[in-house]
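Q: I'm new to this one and would like a close look at a single part. Start with one spot in the chain, then follow the thread from there and tell me what turns up along the way.

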Amino acid sequence: MSRLDILDASFHYASKSAPRDQYVLLTFDAGDLSSPTLDEITDFIDARARSIPDLNKRLVEIPGNLEYPYWSRSVGLPPVVEFGSRTWEGVVEELGLLVQKSVDATRAAWQVHVARDVEDVPHAVGRALVVVVQVSHALTDGRGATRLARALFSVDPPEPSQSQARLFKPHLRVPVAVGALAALPFRLAAARLAARRTRRTFERERGSITDRNVLRPSISSNVEPTGNRVAHVIPCAPHRLTKTRFSVTTTALTAVGLAAERYLETVGDAVPVTLNALVPMGLPEDVKWPAENRIVNGDVDLHVDVSDIAERARRTAASLAEAREKLLDPLLLRWIRAENLVPAPVFLALDRRARKHALRERTVHDEVTSNLTVVSVNRGDARLELCGAPGLFSGGFPMLGPARSLTHGFYGLGDTVTVCVTACPDTFPDHARYVDILKQAINDVVAVTTDET
């Protein structure tokens, strides 16, 4: 069905006031090749995009927001936008500006940005190409954005295919709005009944959900961000984070916990023993789920009270596994699906009320459910190319949000993992010092958890 699920629609609505998009950063080593022109790059991307159904549609909003938006066929492909910088440092500065803006999914759900002849790109032999595929979060999650980017730049071009979903015809907007208004009382009653039943079933079998949402002391980055952003991109040496005794996600969490602990000690702040991280976790393909965003968020303890780094990593891995197990509980997922049956007008009314309440609250939070955010995405092998230039490394920029002025992303492409930090310079101005501490923390965790060969 082409109508957005509530989860996908929530990203579309939120993007009108704050950036919520997915960003897939890709770099390509031009080496001794002559640099392609912007027209050649545009032709390369357009030829592939026409074969990818998700890149040929746009959102149509229903009058009065009486129903969630629908996907309709797009009029054309969005133009490729060129960065102004020709140095890696300059491009990274521009990335901080880029992640402040959302694509207009009612025109196109994606946009490609490119920098040509970029000097000093890590791991590049010569000058490089830097590409960012910006995708509306209403269209897909991080894994989906990765699939779209790989389809655009895979060494093997995608086969032309047709979308399996029937796209919406814009002239039906008014009839859909009238029908949604007439059905609103019945849909609301059904949603409430379904939510009540699934909640009772969950509580009877598993206990109170409040036991899982424990508040803990905040840290200095748990502040409401403004609209300003800065980005840091740290491509690690090949194999650096893929040869430890733990998964990349566990290694990342251990390093972030260590960095946060050291940073707080450096600035003279207390280190909560309850320090934890919010970790988006992808649902397995066999799990029934109505939204394109197949992600649920889990809270993982970072065990900063454990001084031995290897033991800390082991306990963090266990906490990660426990969080994933809890989130994949079929009863919990059934409850979440039932809660998400709320009709659009009711959802938007509740959202407006929550926003007004948040504006009245203090911008600094005394307690939060999660202190840090760590996103970990495997982008797959490095068999990517742009106009003959092979892929080097990938990255991304996890969005900031309520009480989150700092986020971390760990992105693998082939054997190279890139660490990306997004921060609000207004509410976390010490981001550069923190990144330096994070680099050293990564080195220390890798040194302790990598076996000698």
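**Starting from one loop residue**

A: Let's start at cysteine 387, which has a relative accessible area of 30%; that value lies between the 20% limit for buried and the 50% limit for exposed, so cysteine 387 counts as partly exposed. Keep in mind that this is a predicted model. Cysteine 387 sits in the loop between β13 (385-386) and β14. Its backbone is a bit of an oddity: phi is positive, about 50°, although the residue is not a glycine.

Now move on to strand β14 and its rings. Searching the whole structure turns up eleven aromatic pairs. One of them joins tryptophan 88 and phenylalanine 393, with 5.8 Å from centre to centre and 90° between the planes. Planes over 60 degrees apart count as edge-to-face, so that's the label this pair gets. Here's the fun bit: phenylalanine 393 belongs to strand β14 (residues 389-395), while tryptophan 88 is in helix α3 (residues 88-98), so the pair links distant parts of the chain, 305 residues apart. Tryptophan 88 and phenylalanine 393 are both buried.

Another edge-to-face pair is made by phenylalanine 428 and tyrosine 434, at 6.1 Å centre to centre with 75° between the planes. Phenylalanine 428 is buried, and tyrosine 434 is too. Rings can also gather in a group: ring pairs tie Tyr13, Tyr68 and Phe347 into a cluster.

Back to that unusual backbone angle, because cysteine 387 isn't a glycine and still has a positive phi. Asparagine 65 shows a positive phi as well, near 50°, and is likewise a residue other than glycine. You'll find asparagine 65 in the loop between β2 (57-60) and β3 (70-73). With a relative accessible area of 27%, which falls between 20% and 50%, asparagine 65 is therefore partly exposed.

A glycine gives us one more positive phi: glycine 268, near 85°, which follows helix α6. That helix is worth a quick check. Helix α6 (residues 248-266) has 19 residues, and the expected span takes 1.5 Å times one less than that number, so the helix should span 27 Å. Its end C-alpha atoms are 26 Å apart, so the expected and modelled spans agree. And how much of α6 is buried? It is mostly covered, with 15 of its 19 residues buried.

Conventions:
Residues numbered from 1 in each chain as written. Predicted model: local features only at pLDDT ≥ 70, side-chain atom pairs only at ≥ 80, totals over all residues. Heavy atoms only, no water. Phe/Tyr/Trp six-rings, centres within 6.5 Å; stacked < 30°, edge-to-face > 60°. Helix = DSSP H or I, 4+ residues; strand = E, 2+ residues; numbered from the N terminus. Buried < 20%, exposed > 50% of the residue type's maximum accessible area, 1.4 Å probe, protein only.
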